[in-house]
Every structure is written in structure tokens, then in C-alpha cells.
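This report describes the model shown below, beginning with the surroundings of one residue and moving outward to the helices and the chain as a whole.

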Amino acid sequence: MNYEEKKAWLWRYRDAQKLLEQLCCRLEEARTAARHTTQNFSPTPGGSGDGQSLARAVERTDDLEHQVSFQLAECDALYEEIDDALQQLEDFWKYHILKDYYLEGKTWEQIAHDTNYSLSMIYVLRRKAMEQLPL
């Protein structure tokens, strides 16, 4: 794999995390909507609804809960797969830099601050780590 392909391979976890966050937001919106849905118990028809809004809200919430569970499992699997590959790097700092960025979601500036390296040195270590990454 070349540099760009390795970078794309590592980005899979962060992309999966973004999807998980989106699903969690949609789930929270569905739960909020379900709490604001009331069942019509009047024997006299009223309004334009078909009386199934509560059932649809519960079904939507249940579907989103399954999607969130599936995506969470996907994130866990990707994390383990990528971390296993990163652990094959011989240098602790190279492992630490790539893990912090691709798995922990830190910025390059945060990593430079945490490691007491300059930002340019972080970029040099990143490039070397990517070259040495056995993919």
C-alpha cells in the first residue's frame, strides 16, 4: 500500500465514529419525537392522522437502536483491527502518534503538545510511521 492508501485504511475508524455519532443524534431525535406523540383514544375521529403515529415512532426508535448497536460493534472491530496493525510499529512514539490521531481523534497540534515535540517533528514521525506500517 502507498501512503494515501494507508491513510484511507486508517481513516475507516474515524469515519465509522462519525456515522455512529449521526445515528445517535437521529436516535435521540426519534426518542424525543416519540415522547411527544400521543395516541388518540377518542371514539370520534379527529384530526388528519391515522392513529398509528405512536406505533411508527416506536418502530423508528427500535430500528435506530439496532443500527446504533450494529455501528458500535463495527467501530469496536475497526478499532481493534487498526490498533493491532499499529502495534506492529517498533517505535513507541510512532505508534502513539498514529493511535492518538486515527483512533483517539486528537489533532496534530494536540499530539505535538502532549509529546513535547514540534509540529514539524510530528509530521516527520507520522511520515516515517506510515512508511513502516506493515499493511
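## Surroundings of Tyr13

In this predicted model, Tyr13 touches Cys75, Leu78, Tyr79, Ile82, Tyr102 and Leu103, leaving aside residues up to four places away in sequence. Tyr13 itself lies in helix H1, which spans residues 3–35. Its relative accessibility is 10%; because the limit for a buried residue is under 20%, Tyr13 counts as buried.

One of the residues touched by Tyr13 is Tyr102. Along the chain these two residues are 89 residues apart, yet their C-alpha atoms are separated by 7.2 Å.

## Helix H1 against helix H2

The axes of H1 and helix H2 (residues 53–86) come within 8 Å and cross at roughly 160°. Angles over 145 degrees count as roughly antiparallel, and H1 is therefore roughly antiparallel to H2. The crossing of these two helices is left-handed. In their contact, 22 residues are nonpolar, 4 are polar and 6 are charged.

## Helix H1 against helix H3

H1 also approaches H3: the two axes come within 8 Å, with a crossing angle of roughly 50°. This angle makes H1 oblique to H3. The contact of H1 with H3 comprises 6 nonpolar and 2 charged residues, with no polar residues.

On the H1 side, the participants are Lys7, Leu10, Trp11, Tyr13 and Arg14, which meet Tyr101, Tyr102 and Leu103 in H3. Tyr13 thus appears again here, as a member of the H1 group that meets H3.

## Helix H4 and its buried face

Helix H4 covers residues 108–115, and its residues Trp108, Ile111, Ala112 and Thr115 are buried. Viewed down the axis of H4, the buried residues fall within an arc of 100°, so they line one face of the helix. A general property of helices bears on this pattern: an α-helix has 3.6 residues a turn, so residues three or four places apart point the same way. The cover over the buried residues of H4 includes helix H3 (92–103) and helix H5 (119–132).

The axes of H4 and H5 come within 9 Å and cross at roughly 105°; the two helices are therefore roughly perpendicular to each other. In this contact, Trp108, Glu109, Ile111, Ala112 and Thr115 of H4 meet Leu119, Ile122, Tyr123 and Arg126 of H5. By class, the contact holds 6 nonpolar residues, 1 polar residue and 2 charged residues.

## Asn116 after helix H4

H4 is followed by Asn116, which is found in the loop between H4 and H5. The phi of Asn116 is near 60°, a positive value in a residue other than glycine. In general, most residues other than glycine have a negative phi.

Is Asn116 buried or exposed? Its relative accessibility is 71%, and since a residue over 50% is classed as exposed, Asn116 counts as exposed.

## The chain as a whole

The chain has 5 helices and 0 strands, and from the N terminus on its elements run α-α-α-α-α. Of the 135 residues in the chain, 32% are buried.

Among contacts between residues at least 6 apart in sequence, 64% join residues at least 24 apart. The contact between Tyr13 and Tyr102, residues that are 89 apart along the chain, is one of these.

Terms used:
Residues are numbered from 1 along each chain as its sequence is written. This is a predicted model: local features need pLDDT of at least 70, side-chain atom pairs count only at pLDDT 80 or more; totals for chains, interfaces and linings use all residues. Side-chain values use heavy atoms; hydrogens and water are left out. Helices (H or I, at least four residues) and strands (E, at least two) are DSSP runs, numbered from the N terminus. Buried means under 20% relative accessible area, exposed over 50%, partly exposed in between (1.4 Å probe, protein chains only). Contact means heavy atoms within 4.5 Å. Axes are lines fitted to C-alpha atoms, for helices over the stretch in contact, and angles run from 0 to 180 degrees between N-to-C directions. Angles under 35 degrees count as roughly parallel, over 145 as roughly antiparallel, 65 to 115 as roughly perpendicular and the rest as oblique. A crossing is left-handed if the near helix is turned anticlockwise from the far one by less than a right angle, and right-handed if clockwise. Ala, Val, Leu, Ile, Met, Phe, Trp, Tyr, Cys and Pro count as nonpolar, Asp, Glu, Lys and Arg as charged, and the others, Gly among them, as polar. The arc is that of the directions from the helix axis to the C-beta atoms.
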